[in-house]
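Biologist: I am new to this structure and should like to learn how its features are read. May we go through them one at a time?

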Amino acid sequence: MSQPRPNSHVVHTVCTHDCPDSCGVLVTVDSLTGRATKVQGDPAHPVTRGFLCGKVARYLDRVYAPDRLLYPMRRKPGMPKGPLPQGREAEAFERISWDTAIDLIAEKLAAIAQEHGPESILPYSYAGTIGQLGFGSMDRRLFHRLGASQLDRTICSSAGGEALTRVYGTRVGPTPQEFALAKLILVWGGNVHGNNIHLWPFIEQARRNGARLIVIDPYRTRTAALADEHLQINPGTDTLLALAMMHVIFRDGLADEAYLRDCADGWEQLRDHALKPEHTPERAAAITGIAADVIERLARAYGLQSRSTEASAVIRVNYGIQRGEGGGTAVRAVSMLPLVTSSWKQRGGGVLLSMSKVFPFASEKLQMPELMRQSPLGRDARVINMNELGLALTELSPTHSPSATMPAGPVVKALVVYNCNAAAVAPDSERVLAGLRRDDLFTVVHEQFFTDTVDYADIVLPATTFLEHEELMGSYGHRVAQRSFKAIEPSGEARSNVGFFGALGQRMFPGEAIFEATEKELIAQALSPRGPTLATIDVEALERDGQFELVLPKNEQGITLPFSTPAWFAHTRSGKAELLPVPEFIAPIESRSSESHEAKSFPLEFLPRKADNYMNTTFANHAVHQQMERRSEGMLEMHETDASARGIATGDRVSIFNARGRITLTARIGSSVGAGVVAARLDWQKLAEDGKNVNALTSQRLTDIGGGATFYSTLVEVEKIAANSRLEDEAMAAD
Ligand SMILES: Nc1nc2c(c(=O)[nH]1)N[C@H]1C(S)=C(S)[C@@H](COP(=O)(O)OP(=O)(O)OC[C@H]3O[C@@H](n4cnc5c(=O)[nH]c(N)nc54)[C@H](O)[C@@H]3O)O[C@H]1N2
Ligand SMILES: Nc1nc2c(c(=O)[nH]1)N[C@H]1C(S)=C(S)[C@@H](COP(=O)(O)OP(=O)(O)OC[C@H]3O[C@@H](n4cnc5c(=O)[nH]c(N)nc54)[C@H](O)[C@@H]3O)O[C@H]1N2
Ligand code: SF4
Ligand SMILES: [Mo]
C-alpha cells in the first residue's frame, strides 16, 4: 500500500459499478478537510493489481462534479414531465428537505396502495451499484413489506446466467489469474479490452508465453483488433458455430468420452445431434459468415489444446452472445464445449461467464422475501419483467395482459427508480417514455446526476457514490470478496440506498426493527453463517484487509479445478452436467437469416452497443469521458457495401428506423462492422440532437431462456437525410 501523505489517510473502497472487475480502490483523504484527493487501484488486489480503468481513474471529477444532485427536489406544480434544455433541467423542480420528501413519498405510496392495491407500486432498479447492500437489501425489505410488484431483473445477464445454471447447476469458472496459463484463449461475445480490462494483462501474459487469442464478435472491438484472429460472426448465430465445432471435435475423436460418461447427462444425444449434416462446417459457414476451413481449424485447435496436459484452452464467453433472441441457447451451446473436450481438467481451463454464484453471501437475509406474506397482499406479489417496462407502464390493466409473461392486473401508479437510468437503458424506449410522461404516474428517482430518467421524476433524491457509504462486494469476474469502507462524508445531502429506503421504511412502518439496521449491521447479516456453501470466506480477514480470495474445494494437488469431477455437479437434477435438450439453432426473428416480415422490411442488423469509455449510460455526461470517446456526436458505423447502396458517405446525417422508432446519427463508413450490420453506441437520450438514443429502436421481445433483453436482435433500415461533413478529421482517422 502506498504511503499516505502527511495529514492524510488511505481508505480501502471498492468500485461498485456494474463491471466484472470489481476493483479495489484506495482513496487518499485529507484528514483535515475530509476531502478525497486521490484514487488509485489497490496494488494488493490480485486482479486490480494497482490500476484503474480510464472511466474511474479520474473518479473524483465525478464525486465532486458541479452538476451532482445534492438535495431532494419535487416537481414544481404545473411543470410537465420531460427534459428541459440541457443545463436548465433543475428549473422544473424546487428544493425540499429530506423529511418533506420522505413524508410526501410515504403518503403517496400509502394512498396508492390503499386505492389500487400495493402491486400498483413498481420498484425499478438495476446496477448503478452492484454492492450487496446497494443492489438489494433495505429497498427489497421495504417493497416486500409493502406487497409491491416484484421486478424481475433481467436486463443484463439473466439469459446467460440461467443458461449456465441449467447446464452446470451453479456459476463458477477459472480465475482471471489462471488465464495466464492458457495456450489458446477464445473470447466469445466479449469486449475484454473495453469492458473487462483487468483480464487483459493475464491474456497478454499468456500470449507472451505463446498463447493465441481468438475473438468471436460481429464488431471489430479494440479486443478484436488486438487479437491474433478476429472471427467476425453474424449476430445471433453462435449456437451454430458451437455445434459445428462439436461436429469436428466428435468426428475427429477429440471428445473425451470417458469424462462425458462420468460427468454429463445426454452426451450421446449431443454427439448424434452435432454430427448431423446441418452442423457440418460447410453448412454453418453459410449462416455464421465464418469460412468452413476456419471453423475446422478453430475446432481442431480448441479440441487438441483442451486435451493437452501441458497448458489449457479457455473460453471467456461474455454477455454479448446472450443479448439476442436465442441468447440462452447460445450460452448453453458454448458452455458445453469444455465438457465435450474435458478442458475443465486443465488448470485454468473451462469457460468463464460469471462467478457470481460462488460468493457465500446471505442475500435472502438482506432482502427478506418472506415479508411479502406479512404485507397486505398476504402472498408473493406479481412479477414484472424489467425488459417489459414500456408495456407495464402503458398497456397493463386489470382487464388486459400485455404480454405472455405479464398477467392482467393493477395499473402501475407509482414507480420508484434507483440504481438505474430507466429512460435510457430499457428497450423500446418510445414506449417507456410514453409511460413515464403519464400524469397519473407518481415517479420517484434516487440518482447521482440529472439523467434522462430524472427528467420524468415527481420527486428527486440525491444518492451517494461508493466513496460515501459502506459496502460488501462480490464480483462476477473474479473470486475476491471485498469490503468497501466509507472514505468521505456524502456530498450535499446525498444518502445511500440503504439510507433512503431505511428512512422510508421507518416512516411507513414505525417501530419495525428491520428498517433500522445500519449498513454495518446489514453487512454482518450478509456474512452470518448459513447452510453449506461451495466457497468459504474468512470474515475477520475480510474486515481487516478489505479483501479475501474465496477458498473453493481443491484436488489432491491443492488446485481448484471446477467441474473436473462428478462431485462438482451436485447442484443439477441428474448430478451431472445437463446437455438436454440439445441446443438447436433457431434464426432470430429479427435477423437476416430469418424469413420474417421484419427481415423483409428492415434489412440491416443493428448492434446498439456499450461505449468503451462509459458504463452503460453512466459517465456519458462527463466532458472527460466524452473526449475519451472522441466522438461526441452519435455515430452510425456502417460497411461500405451498405453505405454505397444507399448513397451514404462518412459525415452524412442518417436516419435509422424500424417499426418502433427512428433516430438520427452521423454515418461513419469503416471496417468495424461487416456488410449487413450497423452499430451505434448507447448514450444519454438528451445528449442527442433529436433527444433519442439507440433504445428507440430495440424491442421488448425476450430471450429464449431467462427472460433476458434482446438488444442485439434488432433490425433497422437506414436512409440519408443530409450530406454534411461536420466530423473532426481525428475521429475519421480512428479506423
Ligand atoms: N467500458 C465499459 N465497460 C462495461 C460496460 C460498459 O458499458 N462500458 N458495461 C458493463 C456491463 S453492464 C456488462 S453486462 C458488461 C458486458 O460486457 P460484455 O459481456 O463484453 O458485453 P457486451 O459489450 O454487451 O457485448 C460484448 C460483445 O459481444 C458482441 N456481440 C453482439 N452480438 C453478438 C453475437 O450475436 N455473437 C457474438 N459472438 N458476439 C456478439 C458485441 O459486439 C460486443 O463487442 O460490461 C461491463 N463493463
Ligand atoms: N441498447 C442497449 N441498451 C442496454 C445495454 C446495451 O448494451 N445496449 N446494456 C444493458 C445492460 S447489460 C445493463 S446492465 C443495463 C444497465 O442499466 P443501468 O443499471 O440503468 O445502468 P446505467 O445507465 O449505468 O445507470 C445506472 C444509474 O445508477 C446511478 N447510480 C450509481 N450508483 C448509485 C447508487 O448507489 N444509488 C442510486 N440510487 N443510484 C446510483 C448512476 O448515476 C446511473 O445513472 O442497460 C442495458 N441497456
Ligand atoms: S469500472 Fe471496472 S475496471 Fe473500472 S475501476 Fe470499476 S471495477 Fe475497475
Ligand atoms: Mo450489464
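Biologist: Which backbone atom lies 2.8 Å from a nitrogen atom of ligand 1?

Modeller: A word on conventions comes before the reply. This is a predicted model, in which local features need pLDDT of at least 70 and side-chain atom pairs count only at pLDDT 80 or more, while totals for chains, interfaces and linings use all residues. Residues are numbered from 1 along each chain as its sequence is written, chains are lettered from A and ligands numbered from 1 in the order in which they are written, and side-chain values use heavy atoms, with hydrogens and water left out. A polar contact is a pair of N or O atoms within 3.5 Å; within protein, one must be able to donate a hydrogen and the other to accept it, and residues adjacent in sequence count only if both atoms are side-chain atoms. Here, the atom is a backbone N or O of D612. Ligand 1 also has an oxygen atom 2.7 Å from a backbone N or O atom of G236, and an oxygen atom 2.7 Å from a polar side-chain atom of Y712. Of the 900 Å² of accessible area that ligand 1 has on its own, the protein covers 98%; such areas come from the Shrake-Rupley method with a 1.4 Å probe, and for residues only the protein chains shown count as cover.

Biologist: How many residues surround ligand 1?

Modeller: A residue is near a molecule if one of its heavy atoms lies within 4 Å of it. For ligand 1 there are 33, the closest being D217, N318, Y614, N616 and Y712. The shell comprises 15 nonpolar, ten polar and eight charged residues. Ala, Val, Leu, Ile, Met, Phe, Trp, Tyr, Cys and Pro count as nonpolar, Asp, Glu, Lys and Arg as charged, and the others, Gly among them, as polar.

Biologist: Which residues come nearest to ligand 2?

Modeller: They are E447, N497, P608, T617 and T618, out of 32 around this ligand. By class, the shell of ligand 2 holds 14 nonpolar, 13 polar and five charged residues. Oxygen atoms of ligand 2 also meet the backbone: N421 offers an N or O atom at 2.8 Å, and a polar backbone atom of M615 is 3.0 Å from an oxygen of the ligand. Alone, ligand 2 exposes 920 Å², of which the protein buries 98%.

Biologist: What surrounds ligand 3?

Modeller: Its neighbours include C15, C19, C23, C53, H198 and M615. The classes are eight nonpolar, two polar and two charged residues.

Biologist: How is a pair of aromatic rings described?

Modeller: One gives the distance of the centres and the angle of the planes. Rings of Phe, Tyr and Trp (its six-membered ring) pair if their centres lie within 6.5 Å; planes under 30 degrees apart count as stacked, over 60 as edge-to-face and the rest as tilted. This structure holds 19 such pairs. One of them, F143 with F501, is edge-to-face, at 5.6 Å centre to centre and 65° between the planes. F143 lies in helix α4 (residues 138-146) and F501 in helix α20 (residues 497-508), so the pair ties together parts 358 residues apart in sequence. Helices (H or I, at least four residues) and strands (E, at least two) are DSSP runs, numbered from the N terminus.

Biologist: Where is the cis peptide bond?

Modeller: It joins L580 and P581, with omega about -5°. P581 is placed in the loop between β21 (577-578) and α23 (597-601).
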